[in-house]
4 protein chains.
Amino acid sequence: MFSRVKEITRIAREIIHSKGYQATSVNDIMAAANIGKGQFYHYFQSKHDLGLAVVEDLVKDWEEQLITSILNDSDDPVTKLNRMLIWVETIHAKMEIKYGCPIGNLAIEMSAQDDEFREKIEKFFNQWVNSVSVVLTEMIKNDQLDESIDPQKNAESIVAMIEGGILLSVSQQNIQILKDIFKVIKQQYHLN
Amino acid sequence: MFSRVKEITRIAREIIHSKGYQATSVNDIMAAANIGKGQFYHYFQSKHDLGLAVVEDLVKDWEEQLITSILNDSDDPVTKLNRMLIWVETIHAKMEIKYGCPIGNLAIEMSAQDDEFREKIEKFFNQWVNSVSVVLTEMIKNDQLDESIDPQKNAESIVAMIEGGILLSVSQQNIQILKDIFKVIKQQYHLN
Amino acid sequence: MFSRVKEITRIAREIIHSKGYQATSVNDIMAAANIGKGQFYHYFQSKHDLGLAVVEDLVKDWEEQLITSILNDSDDPVTKLNRMLIWVETIHAKMEIKYGCPIGNLAIEMSAQDDEFREKIEKFFNQWVNSVSVVLTEMIKNDQLDESIDPQKNAESIVAMIEGGILLSVSQQNIQILKDIFKVIKQQYHLN
Amino acid sequence: MFSRVKEITRIAREIIHSKGYQATSVNDIMAAANIGKGQFYHYFQSKHDLGLAVVEDLVKDWEEQLITSILNDSDDPVTKLNRMLIWVETIHAKMEIKYGCPIGNLAIEMSAQDDEFREKIEKFFNQWVNSVSVVLTEMIKNDQLDESIDPQKNAESIVAMIEGGILLSVSQQNIQILKDIFKVIKQQYHLN
DNA sequence: CATGAATGAGGTTTCATTCAT
DNA sequence: TATGAATGAAACCTCATTCAT
């Protein structure tokens with residue numbers, strides 16, 4: 001089913017999510033994937049190469065799951081935003097918020113160190129913000145939201161609240177704060 | 001004058017801010033502080049020890065600058081929130097948003113790996129949230145804010161928006177997105 | 001041919017014998033074996049790991065040479081004890097008694113510090129004592145030794161005399177004292 | 001009462017006994033003696049210097065306690081050898097045989113590495129052997145021992161049995177084996 | 001495709017000793 | 001006498017990567 005490259009990328013994705021990119025060693029990945037040195041360097045040119053593959057894989061998945069399947073769907077905009085919040089909460093509830101947002105973490109760890117990582121991450125966040133912005137615009141058209149609201153800036157705020165909420169939840173190792181913030185989002189944007 | 005320990009802590013604070021804790025080597029600090037190996041371990045028991053000292057120093061400073069001097073001040077609540085936003089923006093404008101929030105970064109890098117780091121960081125965020133919560137309560141009392149607003153949850157949201165906004169700005173290496181978010185905060189909480 | 005692991009173990013065995021375990025650095029072994037840092041840690045998980053491998057190798061060799069080939073042989077018991085003394089003397093004469101007993105040294109250096117070392121060493125000495133005890137029992141059966149002799153306690157004494165004799169010889173850097181003690185053993189147990 | 005030098009020497013003596021000379025750091029001693037770097041190097045030229053002081057202190061004590069007060073005493077020779085065995089057993093029973101013979105340990109650790117240590121240790125063992133030899137000669141004169149016994153060689157054997165017995169007891173962390181050996185000594189030399 | 005031996009720079013830490021005060 | 005800052009070599013170990021088979 002999966003190619004070997006995909007398989008290794010997936011395994012690396014989990015480890016990098018839990019330990020960070022720099023703290024993850026090629027050995028960690030080899031051990032988890034049950035492959036030897038030669039194998040690894042056969043499939044990937046370098047650790048950096050693998051790191052980028054992980055980000056791409058992550059971004060591709062989330063584009064499908066979040067952008068395409070939820071935000072760009074033909075649902076009612078309110079439904080779409082609610083589905084987005086549920087999707088985020090489900091992900092983090094599953095792993096008990098312990099390790100935070102896989103992409104947000106890499107954004108912080110790598111943005112200042114490596115432009116290739118940064119650009120891929122930036123692209124994802126841009127898509128996310130833009131899709132939310134479109135949804136907000138729909139809401140305004142539908143009179144579900146006041147037209148004084150700037151869709152772009154408010155989309156940025158919503159994404160920021162989610163990422164910041166995850167950060168705060170991680171620092172408390174408790175998902176409650178993220179749930180609180182979702183309530184505020186729902187109130188502010190009339191999602192109930 | 002600074003003590004030598006304080007001096008090294010300050011130097012390490014900058015390096016850790018720009019590279020992260022794990023990617024910062026004791027050698028980096030030695031070189032920047034112009035001290036030898038032995039000297040470093042004369043002042044600090046371990047790199048971990050230094051890391052904690054850096055977090056403490058950071059937290060102490062920000063408690064003074066943000067919590068005590070701004071949020072717990074006797075100013076009008078609207079003024080206080082505005083001063084908070086200016087304070088945040090000034091910090092990040094100075095370093096061109098390149099490296100993100102020194103405490104938020106450590107929250108993400110260290111929370112899942114080390115409880116000692118996590119607790120110190122959690123404590124700071126709790127204070128920040130609580131102080132904002134008190135300010136929002138004042139605003140409600142003053143009829144500057146609708147009483148349907150839950151001060152605690154909205155305080156969490158505001159801090160999350162700031163931290164998330166910094167994250168997004170870092171991923172774009174551009175402070176504009178943080179400024180956009182500040183505009184939304186001002187609109188939502190009537191700070192103009 | 002030796003495997004590389006075996007080869008390094010042998011080299012380390014000599015160095016550890018002459019300097020002791022703690023005073024032997026991984027660098028010493030690397031230099032003697034002509035390998036790099038990484039290579040050493042490719043073959044051994046840690047210096048401790050290598051130390052245990054050295055003890056095992058040593059014990060295995062001596063079990064074969066002393067326990068199996070000499071003491072558990074089908075010779076006359078007197079012949080076996082004499083062969084044992086010759087075997088011990090030969091080993092120490094070869095290296096001019098300079099460094100003492102490789103196992104006795106580690107017993108003293110490591111027993112109180114590390115249970116893994118201690119247990120392997122204890123097991124060897126137990127086997128040695130037990131084999132000598134069996135030989136003494138044979139002698140009693142053959143009327144070569146008075147039946148008032150307790151085989152176990154006298155076996156312990158004989159091994160103690162040998163190890164203690166090596167210790168005294170080392171402290172004088174002169175094998176004569178060990179030879180003197182062997183004469184006493186021969187007289188006490190009628191080995192002439 | 002004690003001079004400072006003596007006090008530090010005593011503290012170091014205990015630590016070196018339990019960890020060995022090489023594994024004992026100057027810091028360990030400073031910490032245990034509650035003194036600073038400067039203090040230490042005021043009283044001792046180097047760690048080596050302290051090590052020699054420890055051996056001297058040890059040897060001086062044991063010369064008094066064992067050689068002078070017991071073996072060179074005017075008691076009956078049988079009594080003197082019995083008192084010697086009791087003295088040895090008492091010392092090791094007190095510390096549950098854990099760390100072995102302070103002098104025997106140093107003999108093994110240092111003899112091949114450092115002639116200054118070696119000579120001091122050799123001198124002590126020589127005195128011990130010679131004193132026992134004199135006692136055995138007395139016994140022969142008193143017809144308490146057969147005149148075919150060579151006093152010098154048998155004295156060496158007795159000391160070897162004691163040191164070797166301690167070694168075996170340490171490797172089992174159990175003093176029983178030393179007690180067994182004492183029974184054999186008593187039987188062989190008619191000390192009951 | 002695959003193995004794992006080899007490399008060497010660099011990681012954190014400890015050490016004995018010296019020096020300025 | 002006494003303090004503790006400073007030094008730098010060397011300790012154990014990990015790492016990403018390359019190479020021979």
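# Legends to close-up views of the four-chain model

Chain A and chain D make no contact, and 32 Å separates their nearest C-alpha atoms. The model is predicted. Chain B and chain D likewise do not touch, with their nearest C-alpha atoms 12 Å apart. The views below treat the contact of chain B with chain A, the contact of chain D with chain C, and selected helix pairs and residues.

**View 1. The two-fold relation of chain B and chain A.** Chain B is superposed on chain A by a rotation of 180 degrees, combined with a shift of 0.1 Å along the rotation axis, at an RMSD of 0.2 Å. Such an operation is the relation of a two-fold axis. Of the C-alpha atoms in chain B, that of Gly164(B) is nearest the axis, at 1.9 Å from it. Because 100% of the interface residues of chain B are also interface residues in chain A, the copies meet through the same surface.

**View 2. The interface between chain B and chain A.** How many residues does each chain bring to the contact? Chain B contributes 43 residues and chain A contributes 43 residues. About 3600 Å² is buried between chain B and chain A, and 62% of this area lies on carbon and sulfur atoms. Which three residues supply more than any other three of the area that chain B buries against chain A? They are Ile108(B), Leu167(B) and Ser171(B), which supply 16% of that area.

**View 3. Packing of α8(A) on α6(B).** Helix α8 of chain A (residues 151-172) packs against helix α6 of chain B (residues 102-110) at an angle of about 60 degrees, and the axes are 9 Å apart. The two helices, α8(A) and α6(B), are therefore oblique to each other. The crossing of α8(A) past α6(B) is left-handed. Leu167(A), Val170(A) and Ser171(A) make the contact from α8(A), and Gly104(B), Ala107(B) and Ile108(B) make it from α6(B). By class, the residues in this contact of α8(A) with α6(B) comprise 4 nonpolar, 2 polar and no charged.

**View 4. The interface between chain D and chain C.** A rotation of 180 degrees, with 0.1 Å of shift along its axis, superposes chain D on chain C with an RMSD of 0.2 Å. Both copies use the same surface, as 100% of the contact residues of chain D recur in chain C. The contact draws 43 residues from chain D and 43 residues from chain C. The buried area between chain D and chain C is about 3600 Å², and carbon and sulfur atoms give 61% of it. Ile108(D), Leu167(D) and Ser171(D) together supply 16% of the area that chain D buries against chain C, more than any other three residues.

**View 5. Packing of α6(C) on α8(D).** The axes of helix α6 of chain C (residues 102-110) and helix α8 of chain D (residues 151-172) come within 9 Å and cross at roughly 60 degrees. Accordingly, α6(C) and α8(D) are oblique to each other. Is the crossing of α6(C) past α8(D) left-handed or right-handed? The crossing of α6(C) past α8(D) is left-handed. Gly104(C), Ala107(C) and Ile108(C) of α6(C) meet Leu167(D), Val170(D) and Ser171(D) of α8(D). The residues in the contact of α6(C) with α8(D) fall into 4 nonpolar, 2 polar and no charged.

**View 6. Packing of α7 on α8 within chain C.** Helix α7 (residues 115-141) of chain C packs on helix α8 (residues 151-172) of chain C at about 125 degrees, with the axes 8 Å apart. This angle makes α7(C) oblique to α8(C). The crossing of α7(C) and α8(C) is right-handed. The contact residues in α7(C) include Phe125(C), Trp128(C), Leu136(C) and Ile140(C), and those in α8(C) include Pro151(C), Ile158(C), Val159(C) and Ile162(C). In the contact of α7(C) with α8(C), 11 residues are nonpolar, 5 polar and 2 charged.

**View 7. Residues with positive phi.** Most residues other than glycine have a negative phi. Asp143(C), which is not a glycine, has a positive phi of about 60 degrees. Asp143(C) is placed in the loop between α7 and α8 of chain C. His190(A), also a residue other than glycine, has a positive phi near 50 degrees. His190(A) lies in the segment that follows α9 (176-188) of chain A.

How values were computed. Residues numbered from 1 in each chain as written. Chains lettered and ligands numbered in written order. Predicted model: local features only at pLDDT ≥ 70, side-chain atom pairs only at ≥ 80, totals over all residues. Heavy atoms only, no water. Axes fitted to C-alpha atoms, helices over the stretch in contact; angles between N-to-C directions. Helix = DSSP H or I, 4+ residues; strand = E, 2+ residues; numbered from the N terminus. Parallel < 35°, antiparallel > 145°, perpendicular 65-115°, else oblique. Left-handed = near helix turned anticlockwise from the far one by under 90°. Contact = heavy atoms within 4.5 Å. Nonpolar A, V, L, I, M, F, W, Y, C, P; charged D, E, K, R; others polar. Least-squares fit on C-alpha atoms with pLDDT ≥ 70 in both. Buried area = accessible area lost by both parts, 1.4 Å probe.
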